[in-house]
Amino acid sequence: VSLFDAETLFKKHLDAGFDIIYVGFSSGISGSYENMKRLSDRLAQEYPERRIKAIDSLTACGSQGILTYVAAKAKKEGKSFDEVAETVERSVPNIQTLFLVDDLTLIRKGGRISKLEALMSSMLGIKPVLRLNEQGKIAQLDMSFGRKKSLKNIVEHFKRVVVIEDNDFINVGH
């Protein structure tokens with residue numbers, strides 16, 4: 001989202017009397033959270049009667065959706081603005097984001113692996129299981145030959161670390 005579009009949307013809601021909690025894409029892989037944080041801080045000065053807070057999700061995509069769900073649920077339970085924000089911030093470390101990539105080109109271009117490593121991985125059919133770590137950065141969790149084995153390793157990882165009873169749902173994206 002461009003800053004202009006975000007500012008236009010935020011101002012529309014602030015002008016209508018709403019407070020805003022923004023759950024941003026991981027600062028570890030994008031500059032968008034920092035941009036939105038600066039925008040939120042500026043708008044907080046411009047709208048002193050309103051509350052606006054940017055939260056770094058340290059994650060992406062569907063996992064951001066889970067944090068948004070957590071915020072909506074807390075709001076529906078009658079929690080205050082600060083309590084909703086605290087609930088989301090406490091939930092951030094509990095989010096697990098794992099993913100596979102078929103092509104390591106973007107990871108190589110981002111400087112995370114060498115050209116030779118990308119080429120060899122592609123030639124050998126190696127599929128790394130990647131995760132967003134505690135700093136919201138891409139890190140390798142596992143490496144397997146073939147997609148099926150990598151998917152199996154993701155399932156095994158979740159069986160080890162996720163307590164099903166502690167979750168309203170688990171999001172699987174494809």
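Which residue forms a salt bridge with R131, and how far apart are the closest N and O atoms? The partner is E134, and the closest N and O atoms of the two lie 3.6 Å apart. We will come back to this pair after a walk through the whole chain, keeping in mind that the model you see above is predicted.

Let us start with the overall layout. The chain is built from 7 helices and 5 strands. If you follow the sequence from its beginning, these elements come in the order α-β-α-β-α-α-β-α-α-β-β-α. The C-alpha trace extends over about 60 × 40 × 20 Å along its principal axes. Among the contacts with a separation of 6 or more, 65% join residues that are 24 or more positions apart. Of the 174 residues, 34% count as buried. The accessible surface amounts to about 11100 Å², and carbon and sulfur atoms contribute 55% of that area.

Now for the charges. There are 26 positive and 23 negative side chains in the chain, and 7 Å separates the centres of the two sets. Side chains of opposite charge can pair when their charged atoms come close. In this model that leads to a count of 11 salt bridges.

A good one to look at is the salt bridge between the side chains of K53 and E89, with an N to O distance of 3.3 Å. This pair ties together distant parts of the chain, since K53 sits in strand 2 (residues 52-56) and E89 in helix 4 (residues 81-91), 36 residues apart. K53 has a relative accessibility of 29%, so it counts as partly exposed. E89 is also described as partly exposed, because its relative accessibility is 37%.

Back to the opening pair, then. E134 counts as exposed because its relative accessibility is 57%. R131, on the other hand, has a relative accessible area of 23% and is therefore partly exposed.

Another salt bridge joins K159 and E156, and here the closest N and O atoms are 3.6 Å apart. Both residues belong to helix 7 (residues 147-161), and because they are 3 residues apart there, about one helical turn separates them. K159 is exposed, with a relative accessible area of 60%, while E156 is partly exposed at 31%.

Salt bridges can also join up into a group. Here E7, K11, R42 and E46 are linked in a network of salt bridges, and it is worth selecting these four residues together in your viewer.

Next, let us turn to a polar residue. Is S144 buried or exposed? S144 is buried, because its relative accessibility is 6%, and the cut-off for that label is under 20%. You will find S144 in strand 5 (residues 138-145). The side chain of S144 makes a polar contact of 2.5 Å with the side chain of N153. Leaving aside residues up to four places away in sequence, S144 touches G125, I126, K127, K149, S150 and N153.

The last stop is the stretch around the start of helix 3, where the backbone deserves a look. Most residues other than glycine have a negative phi, and most peptide bonds are trans. L58 has a positive phi, near 55 degrees, although it is not glycine. This residue lies in the loop between strand 2 and helix 3 (61-76). With a relative accessibility of 24%, L58 counts as partly exposed. C61 is another residue other than glycine with a positive phi, this one near 50 degrees. C61 belongs to helix 3, and it counts as exposed because its relative accessibility is 60%.

T59 is also found in the loop between strand 2 and helix 3. What is the relative accessible area of T59? The value is 1%, so T59 is buried. Its contacts show which residues surround this position: not counting residues up to four places away in sequence, T59 touches F25, S26, Q64, L67, I95, T97 and L132. Along this short stretch, then, L58 is partly exposed, T59 is buried, and C61 is exposed.

Notes: Residues are numbered from 1 along each chain as its sequence is written. This is a predicted model: local features need pLDDT of at least 70, side-chain atom pairs count only at pLDDT 80 or more; totals for chains, interfaces and linings use all residues. Side-chain values use heavy atoms; hydrogens and water are left out. Helices (H or I, at least four residues) and strands (E, at least two) are DSSP runs, numbered from the N terminus. Buried means under 20% relative accessible area, exposed over 50%, partly exposed in between (1.4 Å probe, protein chains only). Contact means heavy atoms within 4.5 Å. Accessible areas come from the Shrake-Rupley method with a 1.4 Å probe; for residues, only the protein chains shown count as cover. Lys and Arg count as positive and Asp and Glu as negative; His and the chain ends are not counted. The place of a charge is taken as NZ of Lys, CZ of Arg, CG of Asp or CD of Glu. A polar contact is a pair of N or O atoms within 3.5 Å; within protein, one must be able to donate a hydrogen and the other to accept it, and residues adjacent in sequence count only if both atoms are side-chain atoms.
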